[in-house]
Amino acid sequence: MGSIADNSERLRAKLSKLDADQLERLVRKHNALYWDKHAPEIDDPTFDRLVLALRKARPDSNVLDELGAHKPATSPFGDVVHGRPMLSLDKCYDDDTLVKWATGIKGGFFLTPKVDGLACSRRYDAHGTLVQAATRGDGKVGDDITHNARGVGDIPAALEGVQAPLEVRGEVYLRLSRFNAKYKGDKANPRNLAAGALKTKDPKESAAYELSFFAYDLLDDNRDRRAKSESDKMKRLDALGFPVLPGRHVDDKAALPEAVRAFIEVCKGLDLETDGVVIKAESAVEAERLGVTAHHPRAAIAYKFQGESAMSTVREIDWGVARSGAVTPVAIIDPILVSGVTVTRVSLHNAGYAEKLGIGVGAKVEVVRRGGVIPHVERVLSKPDKPLVLPKRWPVLGGHFGVHQDGDFLYLDEPDQCREVVVDQVKHWADVIDAKGFGEEVLKKLFNAGMVKSPTDLYRLDVDALAALDRMGDKSARNLKITIEQKRKLTLPMFLEALGLERLG
C-alpha cells in the first residue's frame, strides 16, 4: 500500500491523466477511507485536489453529493435521525473563488477556525438536560453516542435558563497538548484517535482519552429566542457554558482574503489541529434565504489551507526514547520557514515510517506544517548521502542495552534500566500529583545515585542521602522529603493518571 506520503505523490503525478469515471471511483474510495474507516491512504491536500479534478471533469457527479461520512449498514450504536441534516461545507482554495462565493451574499461575514475533528450534535430538553448526543453519520442519520458524550468534560450535562428544547452542534477533538504528551509517536494523528475514542463501547474507556468539544451552531425550538446572527449565536452558546472558538466579523467581501490570512495566525495559537477557516453569512435571515444544496449550506464555505511546503536538507537523524520505551527518530534539517514558522526539527513518527520514506543524512526533503501546526516530512526529493541505520543498541550509564523491532516501532529491551525512560516516568508521576521540586535534573541525580528507579522510590527517600547529593544540601533535602510525604494520599483519578498507562488518563 505504501506510506501516505508515497501514495499522495503517486496520485498527484497521474491526476491529470484520469478520466471522470476513474476520478469518481477514487473519490469514493478515499472518502470512505477517511470518514468511515479513519484510515486515510492519502493526505488532505491530495484528496482536495482529487475532488477539484472531479468537479472540473464532471460537475454534476452524484459522488460530489456523497462526500463525508456514511452510516454503516450495521453499527453497535443506535441510530439517531437528525431533525435538520448535518451537511458538509463547500470548500475553496483561492481568493477568487472565495470572493465569487461572497458576491451572492448580502450583509457581513463571520470567520471561525476550521477544526480537524468530528462533527456531533447534542440535544437538550426544555429543562436543559442532555437527552441525546449523536455523530454526524451520513448527515441524515448518525450514531447514538450519548453515554460517551457525557464523558467529554467540555459538554455541560445541564443548561440553565432554557425555556424550550434546543440542539447544539459542534466538533469533538483531542487537544494537541494532550496528543503530544500522551500519544505522539504511537498514534497517527489527533483526529483518528478522537474518532476511535468517541466510538469506544465502554464510556469509561472513552472518557479516559480526555476528549474536548467546542460548539459552532445552535438550533433553538423557541423562535423568539433564536439568534439573529452568527455573532449572537456564539455569545449565547458561551453564556450556556459551551466552549466556542475565536470569531471575527468582516463587513466587506473585498476584505475577506486579507481577513482570512490574518485569521490563520489565530489558528496557529490554538491547542488543536486546524486545516482552514470557515466563513459564514453573518445574518441568520440571509442564511435562511440562501438555503442548502443536497451536500452543503450555501451561506457557508471553508477556505482550506493549501499545505504550504518548503524544501530542506537533512543534516542528522536524532533518536530519542519515549516514556513507553519506544525509540523514535527526528530529522534535524537546515532551518526553513514554513507557514510563518522556522522549522529545524521534524518528527519522523516511528522507525517504520522513516524507513518507508527512504530518508537519511543528506536527503532533500519536502516539509509541510499539517493543519498549519505540526511539521511533517511529506516526501524525500533526493536520495540521502547516508542511508538510514536503525539503532541496534541503546547507550545507558555503564554500557548498552538491546533494541528490538515490533512492527513499525523500535523498543528498548530493558526500558526500566534506561535513565531517560525512568526519569520521564517518575517526572510524569511527580507532575500529575503536583510534587514540586522533582524536576528533570534532580531526578537524573537520584537515578545516577541509584536512589530512584520507579515512582515508588520517591516515598523511600532518605533526607541524609538526599543532602549528600551534589548541590543539594540539608534544606533542599528536607523540602523534597516534606513535599513527597504530603502526596501519600491521592484521589483515584489522580493516581490512575499518574501511572501513565496506555489508553488510561
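**Helix packing, sheets and loops in a predicted model**

H13 crosses H14 in a right-handed sense. Let me start there, with one reminder: this is a predicted model. The contact draws on Arg419, Val422, Val423, Val426 and Lys427 from H13. From H14 come Glu440, Leu443, Lys444, Phe447 and Asn448. By class, that contact of H13 with H14 holds five nonpolar, one polar and four charged residues.

Now the geometry. The axes of H13 and H14 come within 10 Å, and they cross at roughly 125 degrees. That angle makes H13 oblique to H14.

H13 has another partner, H17. H13 covers residues 419–432 and H17 covers residues 492–499. Their axes are 8 Å apart, and the packing angle is about 160 degrees. How do H13 and H17 run, roughly parallel or roughly antiparallel? Angles over 145 degrees count as roughly antiparallel, and therefore H13 and H17 are roughly antiparallel to each other. This crossing of H13 and H17 is right-handed.

Who makes the contact? On the H13 side, His428, Trp429 and Val432. On the H17 side, Met494, Phe495, Glu497, Ala498 and Leu499. The contact of H13 with H17 counts six nonpolar residues, one polar and one charged.

Stay with H13 and follow the chain onward. The loop between H13 and helix H14 (440–448) contains Asp434. What is the sign of phi at Asp434? Positive, about 60 degrees, although Asp434 is not a glycine. As background, most residues other than glycine have a negative phi. Asp434 has 40% relative accessibility, so it counts as partly exposed.

Next, helix H16, residues 473–485, and one residue in it, Thr483. Thr483 has a relative accessible area of 18%, so it is buried. Setting aside neighbours within four places in sequence, Thr483 is in contact with Ala435, Lys436 and Phe438.

One more helix, H7, residues 190–198. Eight of its nine residues are buried, so H7 is largely enclosed by the rest of the structure. The buried ones are Pro190, Arg191, Asn192, Leu193, Ala194, Ala195, Ala197 and Leu198.

On to the strands. There is an open sheet of five strands, in the order E2-E11-E10-E3-E9, and the pairing is mixed. Which strands stand at the edges? Strand E2 (90–92) and strand E9 (248–250). Each has a single partner strand, so one side of each is left without a neighbour in the sheet. From one strand to the next, the twist averages 35 degrees.

Inside that sheet, look at E3 and E10. Strand E3, residues 109–115, runs antiparallel to strand E10, residues 274–281, and seven bridges join them. If you want to find the register on screen, start with Phe109, whose bridge partner in E10 is Ala281.

Another antiparallel pair is E4 with E5. Strand E4 spans residues 118–124, strand E5 spans residues 130–135, and five bridges join them. Tyr124 stands opposite Leu130 in E5. E4 and E5 form a hairpin with five residues between the strands. In that hairpin, Gly128 takes a positive phi near 85 degrees.

Strand E8, residues 212–220, holds Tyr216. Is Tyr216 buried or partly exposed? Its relative accessibility is 23%, and buried means under 20%, so Tyr216 counts as partly exposed. Not counting residues up to four places away in sequence, Tyr216 touches a list that includes Met86, Ala119, Arg169, Glu230, Leu237 and Lys280. Also on that list for Tyr216 are Gly170, Glu171, Lys233 and Met234. For scale, Tyr216 and Val365 are 149 residues apart in sequence and 38 Å apart in space, C-alpha to C-alpha.

Last stop, Phe409 and His349. Phe409 sits in strand E21, residues 409–412. At 18% relative accessibility, Phe409 counts as buried. How far apart are Phe409 and His349 in space? They are 9.1 Å apart, C-alpha to C-alpha, with their positions 60 residues apart in sequence.

His349 lies in the loop between strand E14 (341–347) and helix H12 (351–357). Its phi is near 70 degrees, a positive value in a residue other than glycine.

That is the tour. Questions?

Conventions:
Residues are numbered from 1 along each chain as its sequence is written. This is a predicted model: local features need pLDDT of at least 70, side-chain atom pairs count only at pLDDT 80 or more; totals for chains, interfaces and linings use all residues. Side-chain values use heavy atoms; hydrogens and water are left out. Axes are lines fitted to C-alpha atoms, for helices over the stretch in contact, and angles run from 0 to 180 degrees between N-to-C directions. Helices (H or I, at least four residues) and strands (E, at least two) are DSSP runs, numbered from the N terminus. Angles under 35 degrees count as roughly parallel, over 145 as roughly antiparallel, 65 to 115 as roughly perpendicular and the rest as oblique. A crossing is left-handed if the near helix is turned anticlockwise from the far one by less than a right angle, and right-handed if clockwise. Contact means heavy atoms within 4.5 Å. Ala, Val, Leu, Ile, Met, Phe, Trp, Tyr, Cys and Pro count as nonpolar, Asp, Glu, Lys and Arg as charged, and the others, Gly among them, as polar. Two strands pair if DSSP finds at least two bridges between them. Buried means under 20% relative accessible area, exposed over 50%, partly exposed in between (1.4 Å probe, protein chains only).
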